[in-house]
Amino acid sequence: ILRRSLSTTTTRNAIKNVTVIGGGLMGSGIAQVAAQTGHNVTLVEVNADILKKAESSIANSLGRVAKKLYKDDAKAVKDSDLIVEAIVEKLEIKHKLFKSLDEAAPTKTIFASNTSSLSIGEIASVTNRKDRFGGLHFFNPVPVMKLLEVVRIPETSEETYQALMAWGKAVGKTCITCKDTPGFVVNRLLVPYIAEAIRMMERGDASARDIDIAMKLGAGYPMGPIELADYVGHDTTLSISEGWHKKFPENPLFNICESQRKLVQQGKLGVKSGEGYYKYN
Ligand code: CAA
Ligand code: NAD
């Protein structure tokens with residue numbers, strides 16, 4: 001039924017076949033929402049075990065399970081209209097992937113990265129299709145969060161941008177347009193906000209619990225900043241701050257929080273590892 005209703009709104013260039021590379025926290029959510037809205041989805045992972053984990057995480061919340069592939073980029077992208085990359089947040093690894101995808105994918109295929117903090121232009125620089133390249137930044141948990149940031153680089157063609165906006169709408173998200181600036185809109189505001197909350201706690205001005213209660217009851221946020229830091233994962237937010245701090249050392253908003261660095265060293269990554277600033281069972 002979903003397939004049929006989608007085809008009534010399909011335009012000539014509409015995105016139908018989607019390849020998601022990386023089936024971790026974000027990629028499995030992206031594959032899920034794309035499959036749920038009637039797209040043909042191929043999910044690529046580095047090994048069969050991780051793929052199985054992604055599969056069961058999707059199957060838990062979805063009856064219709066996407067087609068899966070273990071690491072054969074050429075086969076995975078053969079008929080793809082859109083490739084969404086959601087692999088590890090390391091520029092060199094994303095470069096390696098996009099270089100090989102650029103050779104394997106047909107000319108028509110649009111490339112997108114779900115990066116949280118890297119520059120889309122820098123990621124796209126290794127391809128010969130910068131006009132068919134953009135950012136599609138989803139939020140965790142993907143099936144629940146309604147926003148999609150669509151990032152344009154100067155080279156992104158109008159046609160590509162329109163196709164990305166239309167696809168975002170087709171997967172049920174509200175799209176906003178972002179420039180290729182650090183953190184786009186949400187993370188540029190959210191990451192310094194979380195860091196400020198941690199610094200407040202580090203100074204002993206207020207407890208974690210009180211800061212969280214304050215922002216929930218005093219500012220209407222669904223989670224307080226310390227809870228949210230545990231939820232997003234300290235490895236993720238620390239690596240974002242570290243990357244920006246290195247690139248923009250003069251900006252104090254991107255300074256590293258020592259207590260967070262310590263948590264990561266101890267493997268206390270937040271909800272996913274069972275402990276962060278709070279403990280989880
Ligand atoms: N998958 C599918 N559904 C989920 C889900 C998941 N992972 N997590 C929660 N839900 C669903 C629940 O099933 C529930 O659905 P029903 O109402 O139909 O029962 C609904 O969402 C609400 O969940 P809960 O009742 O368990 O809990 P809640 O009301 O506290 O909501 C939350 C949970 C949606 C996560 C909410 O606390 C929230 O919005 N928190 C803030 C999340 C946020 O800020 N995310 C952005 C992080 S930053 C980022 O992602 C960018 C980056 O680059 C790092
Ligand atoms: P994750 O570690 O949960 O998942 C990454 C997955 O990619 C892993 O399962 C890994 O096996 C797989 N992978 C790595 N290299 C691969 C390759 N060459 N081919 C196929 N699969 C490969 O990470 P995540 O949290 O899902 O983040 C993925 C991307 O999404 C990052 O760029 C991150 O910045 C971004 N992002 C994360 C969040 C968040 O809240 N965690 C939010 C928005 C965007």
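**View 1. Annotated positions.** Ser61, Lys68 and Ser116 carry the UniProt annotation "binding site", which comes from an unreviewed entry; such annotations may be inferred rather than shown by experiment. This is a predicted model, where local features need pLDDT of at least 70, side-chain atom pairs count only at pLDDT 80 or more, and totals for chains, interfaces and linings use all residues. Residues are numbered from 1 along each chain as its sequence is written, while chains are lettered from A and ligands numbered from 1 in the order in which they are written.

**View 2. Around ligand 1.** Here we meet a shell of 15 residues, each with its C-beta atom, placed from the backbone, within 6 Å of the ligand. Ser116, Phe139, Asn140, Pro141 and Pro222 come nearest. Helix H8 (186-203) and helix H10 (225-232) each give two or more residues; helices are DSSP runs (H or I, at least four residues) and strands likewise (E, at least two). Ligand 1 lies between domain 1 (2-179) and domain 2 (187-273), because both give residues to its shell; the domain bounds come from an automatic or database assignment.

**View 3. A closer look at Ser116.** Ser116 sits in the loop between strand E5 (110-113) and helix H6 (120-124). Ser116 counts as buried because it has 23 C-beta neighbours inside 10 Å, and the cut-off for buried is 20 or more. Beyond its neighbours within four places in sequence, Ser116 is in contact (C-beta atoms within 7 Å) with Glu89, Asn187, Thr236 and Ile240.

**View 4. Helix H10.** Six of the eight residues of H10 are buried, so this helix is largely enclosed by the rest of the structure. Its buried residues pack against H8, helix H9 (208-219) and helix H11 (234-247).

Key
Buried ≥ 20, exposed ≤ 12 C-beta atoms within 10 Å, placed from the backbone. Contact = placed C-beta atoms within 7 Å.
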